[in-house]
Amino acid sequence: MGWLFYTDRRVKSYAVEKAEITRLCTFEGDTRKTELVKACKVGSTWYAAARVTSIDGSPVEDTTYVTDADGSITFGAVFLTRYDDGCWGYKDMEESAGPNESRAPLGLIDLLSNLKDEGSYAHAWRQRCRDWAAIPDYEEGDKIRLATPVTLTDGSTCQIVTATHYRRGRQKRRCYRIEETGGLVRLSRASLAGSELLSSAKGAVSPVLAEFLAGQDP
């Protein structure tokens, strides 16, 4: 499915966007109905968990999902969104289509029904979401070994870096100091996937606290 834009420009805020996502995930047919369970916005992308139940109360049978104990199934959906000349638009995909955007929070992933095929696009999408959530949030001074070397614009590479920051005006922005050269580099969150903490900033700068905690051991 392609993009659909609302030319009446009625969607102008987060609240209205969420209300529209709720509406898009709520519908009823002759035998089944669907309702939104949870929706989360990450960047410009909405992630949704939608529950399907039978009108007559019988268990929902599906080729992709294992029926939950209450007879329903809950699937994941992704809504790409953007504004074009003030008009809000979206492009929706079910998780079974294997969306590229894979940053759904784990709390939403945990709501989804189990999958019958572990080799499915939906299974791979959920794993990418889990992998994204597993990327550490490093603190100032943490020394890190990247899973693979990162190639810089000058053709050189770096793999061991230390979390630090620089300032642009009043803003404090995260960057990383390269171990080999001392230069600074900006790294995307994706490049930190699979990285390893070599030394912790807390341990390095808090010897008094470390001594205190050591004294608490029985």
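**Reading the views.** Buried means under 20% relative accessible area, exposed means over 50%, and partly exposed lies in between (1.4 Å probe, protein chains only). This is a predicted model, in which local features need pLDDT of at least 70, side-chain atom pairs count only at pLDDT 80 or more, and totals for chains, interfaces and linings use all residues. Residues are numbered from 1 along each chain as its sequence is written, and side-chain values use heavy atoms, without hydrogens and water.

**View 1. Glu 20 and Arg 10 form a salt bridge.** The N to O distance is 4.0 Å (a salt bridge is a side-chain nitrogen of Lys or Arg within 4 Å of a carboxyl oxygen of Asp or Glu). Glu 20 sits in helix H1, residues 14–24, while Arg 10 sits in the loop between strand S1 (4–6) and H1, so the pair ties together parts 10 residues apart in sequence. Helices (H or I, at least four residues) and strands (E, at least two) are DSSP runs numbered from the N terminus. Is Glu 20 buried or exposed? Glu 20 has 7% relative accessibility, so Glu 20 counts as buried. Arg 10, at 43%, counts as partly exposed. Which residues share the network of salt bridges here? Asp 8, Arg 10, Glu 20 and Arg 23 are linked in it. The structure holds 9 salt bridges.

**View 2. Strand S7 carries Lys 143 and Arg 145.** Lys 143 meets Glu 179 in a salt bridge, at 3.6 Å from N to O. The two residues are 36 apart and link distant parts of the chain: Lys 143 lies in strand S7 (residues 143–151), and Glu 179 in the loop between strand S9 (171–178) and strand S10 (184–185). Lys 143 is partly exposed, with a relative accessible area of 27%. Glu 179 is partly exposed too, at 42%. Arg 145 pairs with Glu 196, and their closest N and O atoms are 3.7 Å apart. This salt bridge also spans distant parts of the chain: Glu 196 is in strand S11 (residues 196–199), Arg 145 in S7, and 51 residues separate them. Glu 196 is partly exposed, at 41%. Arg 145 is partly exposed, at 34%.

**View 3. Tyr 6 and Tyr 90 form an edge-to-face aromatic pair.** The structure holds 7 aromatic pairs. In this one, the ring centres are 6.1 Å apart and the planes meet at 85 degrees. Rings of Phe, Tyr and Trp (its six-membered ring) pair with centres within 6.5 Å; planes under 30 degrees apart are stacked, over 60 edge-to-face, and the rest tilted. Tyr 6 belongs to strand S1 and Tyr 90 to strand S6 (residues 87–94), so distant parts of the chain, 84 residues apart, are linked. Both tyrosines, Tyr 6 and Tyr 90, are buried. Tyr 6 and Tyr 90 join Phe 79 and Trp 88 in one aromatic cluster.

**View 4. Tyr 14 and Trp 46 form a tilted pair.** Their ring centres lie 5.2 Å apart, with 35 degrees between the planes. Tyr 14 lies in helix H1 and Trp 46 in strand S4 (residues 45–54), so the pair ties together parts 32 residues apart in sequence. Tyr 14 is partly exposed, at 47% relative accessible area. Trp 46 is buried, at 0%.

**View 5. Two nonpolar cores lie apart from each other.** The largest nonpolar core has 20 residues. A core is a set of buried Ala, Val, Leu, Ile, Met, Phe, Trp, Tyr and Cys residues joined through side-chain atoms within 4.5 Å. Which residues have the most contacts inside the largest core? They are Tyr 6, Ile 21, Phe 75, Phe 79, Trp 88 and Tyr 90. H1, S4, strand S5 (73–84) and S6 each give two or more residues to this core. The other core has 15 residues, among them Trp 132, Cys 158, Ala 163 and Ile 178.

**View 6. Arg 103 and Arg 189 lie over the face of Trp 132.** Arg 103 is 4.0 Å from the ring centre. Arg 189 is 5.1 Å from that centre. A charge sits over a ring if NZ of Lys or CZ of Arg is within 6 Å of the ring centre and within 35 degrees of the ring normal.

**View 7. An open sheet is formed by 5 strands.** The order is S10-S9-S8-S7-S11, with antiparallel pairing (two strands pair if DSSP finds at least two bridges between them). S10 and S11 stand at the edges with a single partner strand each, so one side of each has no neighbour in the sheet. How many bridges join S8 to S9? There are 8, between antiparallel strands, S8 being residues 157–168. Thr 162 stands opposite Arg 177 in S9.
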